[in-house]
Amino acid sequence: MTMTAPPTAGTEEATEEAIEEGGRRRRRPAPAPPPSESGLLVSSTLTVVSLLCLWLVLHLLFLGAVSHDRAQSLLHRELRSELAGATAPVGPVTEPGAPVALLSIPAIGVEEVVVEGTAAGDLFAGPGHRRDTVLPGQVGASTVYGRSTTYGAPFRDLGRLAAGDLVKVTMAQGEVGFRVLDVRRDGDPLPRPAAQGAARLTLVTAAGDGRFARMMPGSTVYVDAEAAEGLPAPGGLSPSVPESEEAMRAGTEALPLLTLWLALLVGLVVATQLARQRWSRVQVWVVACAPLLALSWLTTDTAMRLLPNLI
């Protein structure tokens, strides 16, 4: 009698079973080994990184607008209160971020509170007044910057304005109506000097050509408007502004803060993945979701301060 040795467990796992069924031969693969803990950790970390990248895009194009709208609501309330109490600023020195005027451009549906300062962080809330120029509406030349793509993109359609379009400014000293003179871009001739006693207002934003122009603008668009009579302007203007407050400039002051937020965010992601090995997924995400969102928001806002201020 011939004895056949039973197959070992290792042989059963390494080979494929052949099953006869209806005259056809079907092969069933051996079950795959369960993933290792290190594989799960890498997979989960990559998932979190992908979600953070998606968050960055959503924040820049959509969620930043929520922050902008909330800031504008608060600024409207503050400016109305200051105008009613005759405490709104008239220059020449105003605290950065403070509301200085209400800007209205009916042709493109813009009604925004203008804040003092043109650094990238100042323009999160809305258009910003360049600090080495008079306030909008005062006699002389005033310049206002605004974003074209992110944080509400208040100046997105600035290039659509045409000569003769109305621009209204309301500030501490009263209301001034401007008429657009021209729309120009980098390299175009400068407008003629303003007449004696007139108020000149230049609106500035980013522009570009091509399919992805909004995300990667390569030039600047200027809208020059003028009012025949301006409001009195006090003396003592700053002779210049820091480089980070010039058009299409970025600052580096936020780099240490960005490093801190990134370190905290990475630490929280790693801690979350380690916690999932001891507690259930639901418990971990309930606890970690709010801190992750908060740190992601802070990191994105801080990173935007390192990008050109008109985007």
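**A walk from helix H3 to the barrel**

In this predicted model, Leu255 has a relative accessibility of 46% and therefore counts as partly exposed, since that class lies between the limit of under 20% for buried residues and that of over 50% for exposed ones. Leu255 belongs to helix H3, and although 47 residues separate Leu255 from Thr302 in sequence, the C-alpha atoms of the two are 8.0 Å apart in space.

Helix H3 itself takes in residues 255-275, and because each residue should add 1.5 Å, its 21 residues are expected to span 30 Å, which agrees with the 30 Å between its end C-alpha atoms. Along H3, the buried residues include Leu258, Trp261, Leu265 and Val269, together with Thr272, Gln273 and Ala275. These buried residues lie on the same side of H3, because they cover an arc of only 160 degrees around the axis. The general background is that an α-helix has 3.6 residues a turn, so residues three or four places apart point the same way. On the face of H3 turned away from the buried side, the reader will find Pro256, Ala263 and Val266, which are exposed.

From the helix we can turn to the strands. Eight of them close into a barrel, in which the order is S3-S4-S5-S6-S9-S10-S8-S7 and the pairing is mixed. Both senses of pairing can be followed at strand S6, residues 140-145, which pairs with S5 in the antiparallel sense over two bridges, whereas S6 and strand S9, residues 199-207, pair in the parallel sense over six bridges. Individual partners help to place these strands on the model: Gly128 has Tyr145 in S6 as its bridge partner, while Ser142 stands opposite Leu201 in S9. Elsewhere in the barrel order, strand S7 (residues 166-171) and strand S8 (residues 174-185) run antiparallel and are joined by six bridges, and here Val167 has Phe178 in S8 as its bridge partner.

A last stop is the loop that leads from strand S4 (110-116) to strand S5 (128-129), where Asp122 is found. Is Asp122 buried with or without a salt bridge? Asp122 is buried and has no salt bridge, the nearest side chain of opposite charge being that of Arg131, at 6.1 Å; this distance explains the absence, because a salt bridge requires the charged atoms to lie within 4 Å. Leaving aside residues up to four places away in sequence, Asp122 touches Pro96 and Gly97 as well as Val115, Glu116 and Gly117.

Key:
Residues numbered from 1 in each chain as written. Predicted model: local features only at pLDDT ≥ 70, side-chain atom pairs only at ≥ 80, totals over all residues. Heavy atoms only, no water. Helix = DSSP H or I, 4+ residues; strand = E, 2+ residues; numbered from the N terminus. Expected span 1.5 Å × (residues − 1). Buried < 20%, exposed > 50% of the residue type's maximum accessible area, 1.4 Å probe, protein only. Arc of directions from axis to C-beta. Lys, Arg positive; Asp, Glu negative; His and termini not counted. Contact = heavy atoms within 4.5 Å. Pairing = 2+ DSSP bridges.
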